Amino acid sequence: MEQECADNSVVLCRSCDLVISKRALPSGVRALCPRCHTTLYDTPYCSINGMLALCLTALLFLLPANVLPVLELHFLGSVRTTTIIEGAMAVSNQGYWIVGIAVLVSAVIAPALLILSVLFQILIIKYRLNSPFFRDILKRLLSYQGLLAQLSMLEIFMISILVSVFQLSDFADIFLGMGTFCFAMLFLVTLFLQREYNLEHMWGVLDE
């Protein structure tokens, strides 16, 4: 393994201990030590076009995942449906408004802002919008990227849906609708997007 210094902008060669400035690389390219030609690092991120496709796919599932019912319960002749937003509002109406706000932020607002943030970053880089105005926007988006990633907790709500289905299946008939499918797809696409996204590389592009 190469040794990285406290400053993530430089890397230390594991063979000759040469300190080298770390720069953004095109997809599929490796950085070599100029002294001993040892491989330093490569590009473990998806291409710009690949991340753009993931962003557009996530946006496609975002609206139906939040407005379509994720669960449909049939109990003693009555039918009840609920969406993610309705669930957050129901919790707030019961007096647990802090929990309701947390659900709304982590399951709806933060994931939407995260996807839009990555999308704008990709568009600025893809179309080489190098004016000071767009560079300032890119810098601000990168500054908040880590916070948005921490606030987005789609996996917790995906697990909650599965747990609810198993717990309620003994008392009522549970049906999973299109909202469940869209939410699951949104979770998977966002998961792949966060896996391929490399914040350090994006900062390197800004420095370049």
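# Exercises on a predicted model

Arg-128 is exposed, because its relative accessible area is 67% and the cut-off for that class is over 50%. The structure is a predicted model, and the exercises below begin with the backbone of this residue.

## Exercise A: Unusual backbone angles

Task: State where Arg-128 is placed, give its phi, and treat Asp-17 likewise.

Solution. The general expectation comes before the two residues. Most residues other than glycine have a negative phi.

Arg-128 lies in the loop between α3 and α4. Its phi is near 50°, which is positive although the residue is not glycine.

Asp-17 is placed in the loop between β2 (10-12) and β3 (19-21). Asp-17 is not a glycine either, and its phi is positive at about 65°. With a relative accessible area of 49%, Asp-17 is classed as partly exposed, because the exposed class requires over 50%.

## Exercise B: The chain as a whole

Task: Determine how many helices and strands the protein chain contains, and describe its surface, its buried share and its contacts.

Solution. The secondary structure consists of seven helices and eight strands.

The accessible surface of the chain is about 12,500 Å², and carbon and sulfur atoms account for 64% of that area. The chain has 208 residues, of which 36% are buried.

For the contacts, consider those between residues at least 6 apart in sequence: 58% of them join residues at least 24 apart.

## Exercise C: The nonpolar cores

Task: Identify which residues of the largest nonpolar core touch the most other members, and list the neighbours of Phe-183.

Solution. The largest nonpolar core has 25 residues, and the members touching the most others are Leu-71, Ile-84, Phe-183 and Leu-186. Two or more residues of this core come from each of α1, α2, α3 (97-126), α5 (154-168) and α6 (178-196).

Another core, of 14 residues, lies apart from it; Cys-55, Val-118, Leu-138 and Leu-193 are among its members.

For Phe-183, residues up to four places away in sequence are set aside; the residues it then touches are Ala-65, Ile-84, Leu-154, Phe-157, Met-158 and Ile-161.

## Exercise D: A nonpolar patch on the surface

Task: Name the residues that make the nonpolar surface patch, and decide whether Leu-63 is buried or exposed.

Solution. The patch covers about 360 Å² and is made by Leu-63, Val-67, Ile-85 and Met-89. The elements contributing two or more residues to this patch are α1 (48-67) and α2 (84-93).

Leu-63 belongs to helix α1. Its relative accessibility is 60%, so Leu-63 is exposed.

## Exercise E: Aromatic pairs

Task: Find the aromatic pairs, and give the geometry and the accessibility of their partners.

Solution. A pair of aromatic rings is described by the distance of the centres and the angle of the planes. The structure contains two such pairs.

Phe-61 and Phe-181 have ring centres 6.2 Å apart and planes at 80°. This pair is edge-to-face, because that class takes planes over 60 degrees apart. It joins distant parts of the chain, as Phe-61 is in helix α1 and Phe-181 in helix α6, 120 residues apart. Phe-61 is buried at 14% relative accessibility, whereas Phe-181 is partly exposed at 46%.

Phe-133 and Phe-134 form the other pair, also edge-to-face, with 5.2 Å between the centres and 75° between the planes. Phe-133 is exposed at 56% relative accessible area, while Phe-134 is partly exposed at 29%.

## Exercise F: Salt bridges

Task: Establish how many salt bridges there are, and describe their partners.

Solution. The count is two salt bridges.

Arg-140 is bridged to Asp-136, with 3.1 Å between the closest N and O atoms. Both residues belong to helix α4 (residues 132-151), and because they are four residues apart there, about one helical turn separates them. Arg-140 is exposed at 52% relative accessible area, and Asp-136 is partly exposed at 36%.

Arg-195 forms a salt bridge with Glu-196, and here the closest N and O atoms are 2.6 Å apart. At 60% relative accessibility Arg-195 is exposed, whereas Glu-196 is buried at 17%.

How values were computed. Residues are numbered from 1 along each chain as its sequence is written. This is a predicted model: local features need pLDDT of at least 70, side-chain atom pairs count only at pLDDT 80 or more; totals for chains, interfaces and linings use all residues. Side-chain values use heavy atoms; hydrogens and water are left out. Patches are made of residues with over 30% relative accessible area and no salt bridge: like charges are joined within 9 Å, nonpolar side chains (Val, Leu, Ile, Met, Phe, Trp, Tyr) within 5 Å. Accessible areas come from the Shrake-Rupley method with a 1.4 Å probe; for residues, only the protein chains shown count as cover. A salt bridge is a side-chain nitrogen of Lys or Arg within 4 Å of a carboxyl oxygen of Asp or Glu. Buried means under 20% relative accessible area, exposed over 50%, partly exposed in between (1.4 Å probe, protein chains only). A nonpolar core is a set of buried Ala, Val, Leu, Ile, Met, Phe, Trp, Tyr and Cys residues joined through side-chain atoms within 4.5 Å. Contact means heavy atoms within 4.5 Å. Rings of Phe, Tyr and Trp (its six-membered ring) pair if their centres lie within 6.5 Å; planes under 30 degrees apart count as stacked, over 60 as edge-to-face and the rest as tilted.
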